[in-house]
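User: I'd like to go through the reasoning behind the labels used for this model. Could you set each value against its definition for me?

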Protein chains: 2
Amino acid sequence: MGSSLLEADRRNSGPDTPARTIDRILSAAARLFAARGMAGVGLREITAEAGVNLAAVNYYFGSKEKLLEALFLRRAQPITAERLRLLALCAEGPGRPPMLEQLLEAFLRPAFSLGLEAGVDGATFGRLRARLAVESEELYRRILAQAFNPSTRAFLEAIVRALPEVPRAEVEWRFHFMLGTMIYTIADSGRIQSITDGSFRSGDVEIALAKLVRFLGAGFRAAPLGD
Amino acid sequence: MGSSLLEADRRNSGPDTPARTIDRILSAAARLFAARGMAGVGLREITAEAGVNLAAVNYYFGSKEKLLEALFLRRAQPITAERLRLLALCAEGPGRPPMLEQLLEAFLRPAFSLGLEAGVDGATFGRLRARLAVESEELYRRILAQAFNPSTRAFLEAIVRALPEVPRAEVEWRFHFMLGTMIYTIADSGRIQSITDGSFRSGDVEIALAKLVRFLGAGFRAAPLGD
DNA sequence: GCCTCAATCAAACGATTGTTTTATACGGTC
DNA sequence: GACCGTATAAAACAATCGTTTGATTGAGGC
């Protein structure tokens with residue numbers, strides 16, 4: 001399947017320009033990094049699947065680490081852009097959902113639709129995000145912060161404003177909890193299928209989003225602990 | 001620090017028996033696997049930090065993969081045992097928290113206290129769990145299922161019974177969301193510190209537990225979507 | 001004292017790692 | 001048509017990988 005996919009890439013996208021070489025590297029690296037981790041795949045496998053020469057990675061990106069960084073920032077950018085676009089559309093009004101739920105959906109939807117559906121493989125970028133989230137080395141934390149901090153901060157502030165009855169510190173905790181469910185869900189670990197013997201399906205983005213917004217909305221609104 | 005730790009191990013634990021060699025391998029491997037992933041550390045680094053010969057891993061465990069499996073099952077066992085002990089203690093009664101909150105705390109507390117505090121390094125096992133949760137290869141999923149499925153299923157059933165007004169499928173979704181927050185929190189990704197510029201501290205197990213139970217309790221009780 | 005077996009050791013196995021180097025091919029500019 | 005810089009190619013770099021081998025050790029049974 002890998003080679004037929006590659007041939008399809010070649011057919012659909014014109015001549016072999018340098019930009020195409022870069023795209024093919026990024027695409028193959030995203031798939032493989034997501035599937036087996038950064039340390040788990042070699043440059044030879046990446047370049048072979050991309051159909052380019054081994055030296056192309058160091059030629060265009062400088063190193064394996066820089067490849068990961070370029071790959072991640074490029075894939076994250078559409079998500080944050082769409083998030084901020086949806087955030088600007090959030091507004092109180094008759095017939096609209098409560099502000100909090102609007103914000104939650106605006107924050108989560110791009111991560112789900114652009115991370116789960118787009119690209120050749122569904123959960124590719126979602127799982128890659130989850131991998132970086134678990135990593136403790138400075139490089140990976142810096143990449144994540146660089147890609148997501150600005151837009152994420154904007155949502156945290158908006159949610160704090162939408163919940164005046166909940167102290168800011170409490171909202172921060174709950175925001176952290178939300179990140180956990182989001183990343184775990186887009187990573188599609190399959191754990192719940194294993195626990196429920198497969199009676200559970202999580203593929204439908206709209207259903208997952210609706211259920212997640214309902215769940216998180218209730219959690220955010222819970223009365224704070226009186227400590 | 002690594003070497004002084006090693007010397008402390010040696011001082012506190014008597015002669016060098018085979019069991020001590022195994023323990024030192026498991027301890028060093030847990031630290032390094034958690035910090036940099038299974039593919040990210042070599043057996044030479046593990047055995048060096050453990051102060052044992054390189055061949056000891058294959059001698060006692062057979063392979064690197066079997067080492068991970070043995071390591072994970074050994075560390076997971078106290079968590080599931082404590083979970084089931086606390087589950088048996090859950091009971092409705094005057095002056096006690098609602099059943100759901102009792103169940104949530106019984107499920108979460110062992111993962112937090114035995115995963116965050118115990119051992120030489122706090123977040124060691126928590127981060128290792130998170131790594132396995134993100135992995136897509138069959139081996140890792142099998143290890144996770146083997147270690148946690150039985151006790152986790154028992155809690156899912158108990159929560160379904162505690163929430164008769166919520167359909168089972170909805171509880172399964174929310175259980176999945178709970179796993180996400182739990183794993184993300186015990187992995188201590190540091191993302192929320194990064195977003196809030198460090199005004200956030202997550203080290204205190206009791207505080208994190210209380211806030212998480214409050215948050216999840218509200219989420220589990222939310223009225224299901226009427227689709 | 002000798003034998004035995006588990007335990008540890010150094011050394012080497014072939015394979016693979018990321019990166020660099022050297023060479024070859026190609027397209028546009030003078 | 002010679003020249004130039006970009007892009008691709010093949011080959012080699014030293015380093016490290018998981019695993020296996022064969023030798024050496026030392027304590028317990030006879």
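User: What makes the pair formed by Leu43(A) and DNA strand C a polar contact?
Analyst: A polar backbone atom of Leu43(A) is 2.8 Å from a phosphate oxygen of DNA strand C. A polar contact is a pair of N or O atoms within 3.5 Å (within protein, one must be able to donate a hydrogen and the other to accept it, and residues adjacent in sequence count only if both atoms are side-chain atoms), so this pair qualifies. Val41(A) also uses a polar backbone atom, 3.4 Å from a phosphate oxygen of the strand, while Tyr60(B) brings a polar side-chain atom to 2.5 Å from one. Two or more residues of the surface near DNA strand C come from each of α3 (43–50) of chain A and α2 (18–36) and α4 (56–60) of chain B.

User: What should I keep in mind about how these values arise?
Analyst: This is a predicted model, in which local features need pLDDT of at least 70 and side-chain atom pairs count only at pLDDT 80 or more, while totals for chains, interfaces and linings use all residues. Residues are numbered from 1 along each chain as its sequence is written, chains are lettered from A and ligands numbered from 1 in the order in which they are written, and side-chain values use heavy atoms, with hydrogens and water left out.

User: Which residues come nearest to DNA strand C?
Analyst: Out of 16 residues around the strand, Leu43(A), Arg44(A), Lys64(A), Thr21(B) and Tyr60(B) come nearest. A residue is near a strand if one of its heavy atoms lies within 4 Å of it. Of the strand's atoms within 4 Å of the protein, 51% belong to sugar or phosphate and the rest to bases.

User: How do you know which classes make up the surface near DNA strand C?
Analyst: Ala, Val, Leu, Ile, Met, Phe, Trp, Tyr, Cys and Pro count as nonpolar, Asp, Glu, Lys and Arg as charged, and the others, Gly among them, as polar. That sorting gives eight nonpolar, five polar and three charged residues for DNA strand C. For DNA strand D the division is also eight nonpolar, five polar and three charged.

User: Which side chains make polar contacts with phosphate oxygens of DNA strand D?
Analyst: Among them, an N or O atom in the side chain of Tyr60(A) is 2.6 Å from a phosphate oxygen. Lys64(B) has a side-chain N or O atom at 2.6 Å from one, and a polar side-chain atom of Asn58(B) lies at 3.4 Å. At least two residues of the surface near DNA strand D come from each of α2 (18–36) and α4 (56–60) of chain A and α3 (43–50) of chain B.

User: What makes α9(A) and α11(A) parallel or antiparallel?
Analyst: The axes of helix α9 (residues 168–187) and helix α11 (residues 205–221) of chain A come within 10 Å and cross at roughly 160°. Helices here are DSSP runs (H or I, at least four residues), numbered from the N terminus. Axes are lines fitted to C-alpha atoms over the stretch in contact, with angles from 0 to 180 degrees between N-to-C directions. Angles under 35 degrees count as roughly parallel, over 145 as roughly antiparallel, 65 to 115 as roughly perpendicular and the rest as oblique. The pair is therefore roughly antiparallel.

User: Which residues of α9(A) and α11(A) meet?
Analyst: Val171(A), Arg174(A), Phe175(A), Met178(A) and Thr181(A) of α9(A) meet Leu212(A), Leu216(A), Gly219(A), Phe220(A) and Arg221(A) of α11(A), where contact means heavy atoms within 4.5 Å. By class, these are six nonpolar, two polar and two charged residues.

User: Why is α7(A) called oblique to α9(A)?
Analyst: The axes of helix α7 (residues 124–134) of chain A and α9(A) come within 7 Å and cross at roughly 130°. That angle makes α7(A) oblique to α9(A). Gly126(A), Arg127(A), Arg129(A), Ala130(A) and Ala133(A) of α7(A) make the contact with Met182(A), Ile183(A), Ile186(A) and Ala187(A) of α9(A). Six of the residues in this contact are nonpolar, one is polar and two are charged.
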